[in-house]
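Work through these exercises with the structure open beside you. Try each task before you read its solution.

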Amino acid sequence: EKPKDLKKALNYINIADQLDPYNPFVFDYRIPILIKNEKFDEAEEYLNKCKPFIDSPLFESNYNFFVRKKVEYICKQKEDWTEAIKLYHQEIEKDPENSYFLRHLGYAYNGILNDDKAYLKYMKEAYKSDSTTTVNAHAYHLALLENKKFEESKDLLNDESFRTLLDEGEFEEHNLLYYYFLGDMEKAHKIIKDYDIPDSSPSKLYTLAQLGKIKQVNRLLKEQQFNISNKAYVFAILREKDSMYYYLNKDDIESKVINCRFEFDPYRKEEKYKEFLRRNFLPITNYNETNSQFLD
């Protein structure tokens with residue numbers, strides 16, 4: 001979206017608000033437009049003004065979105081993503097049962113500090129707070145897998161309430177992820193074949209790369225619209241460092257998605273990887289030092 005168009009959108013939505021204050025449809029459009037124009041103080045003032053007049057679910061979803069975007073804005077301004085952890089803790093102090101903030105705090109610990117234990121702690125709390133939301137279910141299961149809690153993962157996969165949140169394709173994707181994180185790529189590959197996991201699945205792409213099926217990997221990369229983070233994963237798995245760093249150096253790389261995953265463990269102590277962290281405002285931690293548990 002062009003800045004000029006965002007300014008026009010803001011002008012029109014402001015007029016709509018003047019004509020019909022507290023209209024829920026205007027409220028639902030005005031908050032994201034204010035945020036896109038980086039009018040965070042104005043958005044917060046508007047949220048406070050409208051709170052008594054807007055249905056709770058609509059208000060909460062917009063407030064959650066506002067906080068997340070403000071956190072991102074502050075971190076980029078300070079050039080320090082660790083600030084997100086403090087800011088989400090502050091929000092949780094005010095609203096301890098907010099599963100949205102609990103989940104995003106978990107994401108922050110995982111993607112920024114690569115702290116798997118804290119990641120699981122807050123994903124478990126998010127799922128406990130709201131086990132009816134599919135995204136919480138996805139996130140909790142992934143946190144179990146990243147922490148190698150395979151028995152708990154199996155229990156969750158067999159839990160009826162968890163299964164009802166997922167369609168058949170999503171459930172088989174989680175089964176695939178179970179074997180992928182377990183390191184049993186042959187069983188992961190069997191699920192791909194038995195359940196016809198779609199070619200657009202990044203997990204399928206990564207499994208084929210782990211198995212060294214280069215022709216199939218190249219076909220998927222050519223035919224499917226994988227993002228640059230997916231491509232960085234593949235070349236990390238294949239140990240093709242030049243190609244991996246080519247994608248890690250892209251401006252729109254999802255740096256926190258990269259930093260949290262085991263596929264990049266062999267590279268964490270390399271100076272090029274540390275430069276990737278610095279460029280994306282991520283901290284150098286003990287995982288990037290020479291006495292780290294990871295091998296060169």
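Contact means heavy atoms within 4.5 Å. Keep that cut-off in mind for the steps below. The model is predicted.

**Exercise 1. Two sides of H3**

Task: Find which residues of helix H3 (residues 40-50) are buried, and state what covers them.

Solution.
Step 1. Recall the cut-off: buried means under 20% relative accessible area, and exposed means over 50%.
Step 2. List the buried residues of H3: Phe40, Ala43, Tyr46, Leu47 and Cys50.
Step 3. Look down the axis. These residues cover an arc of only 120°, which puts them on the same side of H3.
Step 4. Recall a rule: an α-helix has 3.6 residues a turn, so residues three or four places apart point the same way.
Step 5. Turn to the face away from the buried side. Asp41, Glu45 and Asn48 are the exposed residues there.
Step 6. Find the cover. The buried residues of H3 are covered by elements including helix H1 (3-19), H2 and H4.

**Exercise 2. A buried arginine**

Task: Decide whether Arg30 is buried or exposed, and list its contacts.

Solution.
Step 1. Place the residue. Arg30 sits in helix H2 (residues 24-36).
Step 2. Apply the cut-off. The relative accessible area of Arg30 is 7%, so Arg30 is buried.
Step 3. Set aside neighbours within four places in sequence. Arg30 then contacts Ile13, Asn14, Asp17, Glu42 and Tyr46.
Step 4. Link back to Exercise 1. Tyr46 is one of the buried residues of H3.

**Exercise 3. Two sides of H9**

Task: Repeat the analysis for helix H9 (residues 150-157): which residues are buried, and which exposed residues lie on the face turned away?

Solution.
Step 1. The buried residues of H9 are Phe150, Ser153, Leu156 and Leu157.
Step 2. Down the axis of H9, these fall within an arc of 115°, so they line one face of the helix.
Step 3. The face turned away from the buried side carries the exposed residues Glu151 and Asp155.
Step 4. The cover over the buried residues of H9 includes helix H7 (116-129), H8, helix H10 (160-164) and H11.

**Exercise 4. Positive phi in two loops**

Task: Say where Glu79 and Arg239 lie, and classify each by accessibility.

Solution.
Step 1. Glu79 is in the loop between helix H4 (56-78) and helix H5 (83-94).
Step 2. Its backbone has a positive phi, near 55°, and Glu79 is not a glycine.
Step 3. Glu79 has 52% relative accessibility, so Glu79 counts as exposed.
Step 4. Arg239 is in the loop between helix H15 (228-237) and helix H16 (241-248).
Step 5. Phi of Arg239 is positive, about 60°, although Arg239 is not a glycine.
Step 6. Arg239 is exposed because its relative accessible area is 54%.

**Exercise 5. The largest pocket**

Task: Describe the largest pocket. What is its volume, and which element gives the most to its lining?

Solution.
Step 1. The volume of the largest pocket is about 1,300 Å³.
Step 2. Its lining has 41 residues, and Tyr107, Glu254, Lys256, Val257 and Cys260 lie nearest the centre.
Step 3. Elements that give two or more residues to this lining include H4, H5, helix H8 (134-146) and helix H17 (255-259).
Step 4. H6 gives the most, with six residues.
Step 5. Sort the lining by class: 19 nonpolar, 11 polar and 11 charged.
Step 6. Take Lys256, which is in helix H17. Its relative accessible area is 28%, so Lys256 is partly exposed.
Step 7. Leave out neighbours within four places in sequence. Lys256 contacts Trp81, Gly111, Ile112 and Leu282.

**Exercise 6. Cavity and core**

Task: How many cavities of 30 Å³ or more are found, and which residues of the largest nonpolar core touch the most other members?

Solution.
Step 1. The search of the whole structure finds one cavity of 30 Å³ or more.
Step 2. The largest cavity has a volume of about 40 Å³.
Step 3. Its lining residues include Ile112, Asn259, Arg268 and Tyr287.
Step 4. By class, this lining has five nonpolar, four polar and one charged residues.
Step 5. Now the core. The largest nonpolar core has 91 residues, and Leu248, Ile258, Phe264 and Tyr273 touch the most other members.
Step 6. Follow Phe264. Beyond its neighbours within four places in sequence, its contacts include Ala232, Met244, Leu248, Ile258 and Tyr273.

Key: Residues numbered from 1 in each chain as written. Predicted model: local features only at pLDDT ≥ 70, side-chain atom pairs only at ≥ 80, totals over all residues. Heavy atoms only, no water. Helix = DSSP H or I, 4+ residues; strand = E, 2+ residues; numbered from the N terminus. Buried < 20%, exposed > 50% of the residue type's maximum accessible area, 1.4 Å probe, protein only. 1 Å grid on protein atoms, 1.4 Å probe; cavity = no way out; pocket = protein on both sides within 12 Å on 5 of 7 lines; lining within 4 Å. Points joined across faces, edges and corners; volume = space filled by probe spheres on them. Nonpolar A, V, L, I, M, F, W, Y, C, P; charged D, E, K, R; others polar. Arc of directions from axis to C-beta. Core = buried A, V, L, I, M, F, W, Y, C linked by side-chain atoms within 4.5 Å.
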